Amino acid sequence: MESFLDYDYHNTMLETSSESTAAELILNPNLSVRLELSTTAKNGTADTHRLGVAQHPELARFLVAAALQGELNQSLTALALPLFHQLLELKILIPRPNSASPVFFGSGPLLDFLPKHGSTTEPCAADELVLNETLCLQGTELPPLLAGRVSAGLPLSSESSAWAWVENPGSRILFPFALSKAQLEALEAIVSNRCPASSLDRDIREYFRGAGILVSKNYFLTKSERWAAAVKNGRAELLADGFVVLREVLTPLQIAALRSYCRDLRSEGYFELDREQVVNMRSYMQNEPFMSFIHQRLLGVIRDLTASDLIPSYSFLTTYDSGAVLERHIDRDQCAWNVSLFIDSQPEVSLADSWPIYFDVGGKVSGVRLAMGDAVLYRGTEVPHWRNALPAGQLATVLLGHYVPQSFEGALD
Ligand SMILES: [Fe+2]
């Protein structure tokens with residue numbers, strides 16, 4: 001039977017034959033072949049390299065064979081020494097323990113990552129708690145109710161028995177909370193009215209409170225009203241100051257989950273070293289799937305605040321090292337509006353000591369300090385912004401979410 005390749009080949013030959021015969025064909029003398037390779041290794045940073053095959057024939061041969069086979073197919077002792085050193089330098093050969101493990105959101109306990117400063121869940125008597133009406137339980141499959149609202153392919157941990165999705169009625173952040181077997185059973189008992197929230201084990205009840213799975217009766221009204229007021233004031237501030245600070249966009253338990261996730265990604269080596277802007281002093285992941293989901297969920301609030309019909313361009317999760325300086329600059333066109341959402345401070349510092357970002361709006365310079373979970377919105381392409389050196393001994397992780405007008409015609413990354 002004729003194969004697909006044969007079919008294409010014969011047709012191509014037929015088309016070609018009107019102008020030249022096969023014997024007259026030559027290899028295009030301007031052919032240039034380049035290989036792009038990316039590597040990740042535990043406790044390092046992800047790297048991408050491009051190399052010309054003609055300039056590095058031995059290396060190219062090794063890489064193509066390795067990529068096709070997925071394992072070493074030759075003894076390393078047979079390699080020429082220069083090639084061997086090149087493979088080590090490019091992290092193509094690494095010690096087995098340095099091999100990066102996949103990272104999933106929601107694995108591991110969260111208590112160690114809860115911010116010590118900042119907001120706490122508002123007090124509410126256990127017998128007055130009710131189920132959050134936006135609660136949606138996910139087992140192995142995404143429930144139809146979440147279709148279109150949750151991106152496919154989120155890296156959720158398979159260790160949890162289920163996921164509880166809840167939406168903040170103010171910020172409209174939709175967020176998954178991992179449930180253990182005991183937590184799932186407790187929640188199912190409440191959902192089916194088999195037991196009241198007041199009879200829950202204390203730790204489970206506190207987790208449900210922190211996640212917003214159990215809320216006070218006036219939760220929706222309070223949250224919605226507060227956020228509506230924040231948006232109204234925020235619009236005015238944006239007009240007057242050129243930026244606006246948004247407090248508690250993420251709750252402490254959401255921050256705990258993100259801190260844990262981001263640290264795992266970094267320690268497994270998935271962050272790439274910045275070689276362009278904050279050279280060698282920060283690392284980043286562009287369009288990391290879970291962070292892009294948060295970025296997209298923030299769109300509604302950003303549209304409300306800016307009164308503009310915007311779309312997300314790209315997200316940039318970045319960790320600054322001690323001493324990092326973000327020089328004064330304005331951004332490229334993909335960053336018409338920026339949200340800088342503060343995710344993690346290592347070690348945690350109080351709001352008064354957090355690392356400020358500065359804005360120059362018409363000659364007036366303002367410094368903004370954010371607690372974990374706070375964000376600041378500003379016009380990236382118009383307002384010069386910068387950060388002075390991050391104090392010694394500190395790391396700071398920030399999610400930058402960029403937005404552009406719907407009419408934007410450039411690339412979105
Ligand atoms: Fe910027």
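**Exercises on strands and a core**

Let us start with a pairing: strand β14 (residues 357-361) and strand β17 (residues 385-387) run antiparallel and are joined by 2 bridges. The model is predicted: local features need pLDDT of at least 70 and side-chain atom pairs pLDDT 80 or more, while totals for chains, interfaces and linings use all residues. Numbering starts from 1 along each chain as its sequence is written.

**Exercise 1.** Find the bridge partner of Y358 in β17, then place both strands in their sheet.

*Solution.* Strands here are DSSP runs (E, at least two residues; helices are H or I, at least four), numbered from the N terminus. Two strands pair if DSSP finds at least two bridges between them. Step one: Y358 has W386 as its partner. Step two: the open sheet has 4 strands in the order β12-β17-β14-β15, with antiparallel pairing. Step three: β12 (326-329) and β15 (364-368) are its edge strands, each pairing on one side only.

**Exercise 2.** Is strand β1 (residues 34-39) largely in the open or buried?

*Solution.* Count C-beta atoms, placed from the backbone, within 10 Å of a residue's own: 20 or more others make it buried, 12 or fewer exposed, anything in between partly exposed. Of the 6 residues of β1, 0 are buried, so the strand lies largely in the open. Its antiparallel partner is β2 (residues 47-52), joined by 6 bridges; there, E36 pairs with R50.

**Exercise 3.** Which residues touch the most other members of the largest nonpolar core?

*Solution.* Such a core joins buried Ala, Val, Leu, Ile, Met, Phe, Trp, Tyr and Cys residues through C-beta atoms within 7 Å. Among its 82 residues, the answer is A164, I213, I343 and L377. Helix α7 (residues 252-267) gives the largest share, 8 residues.
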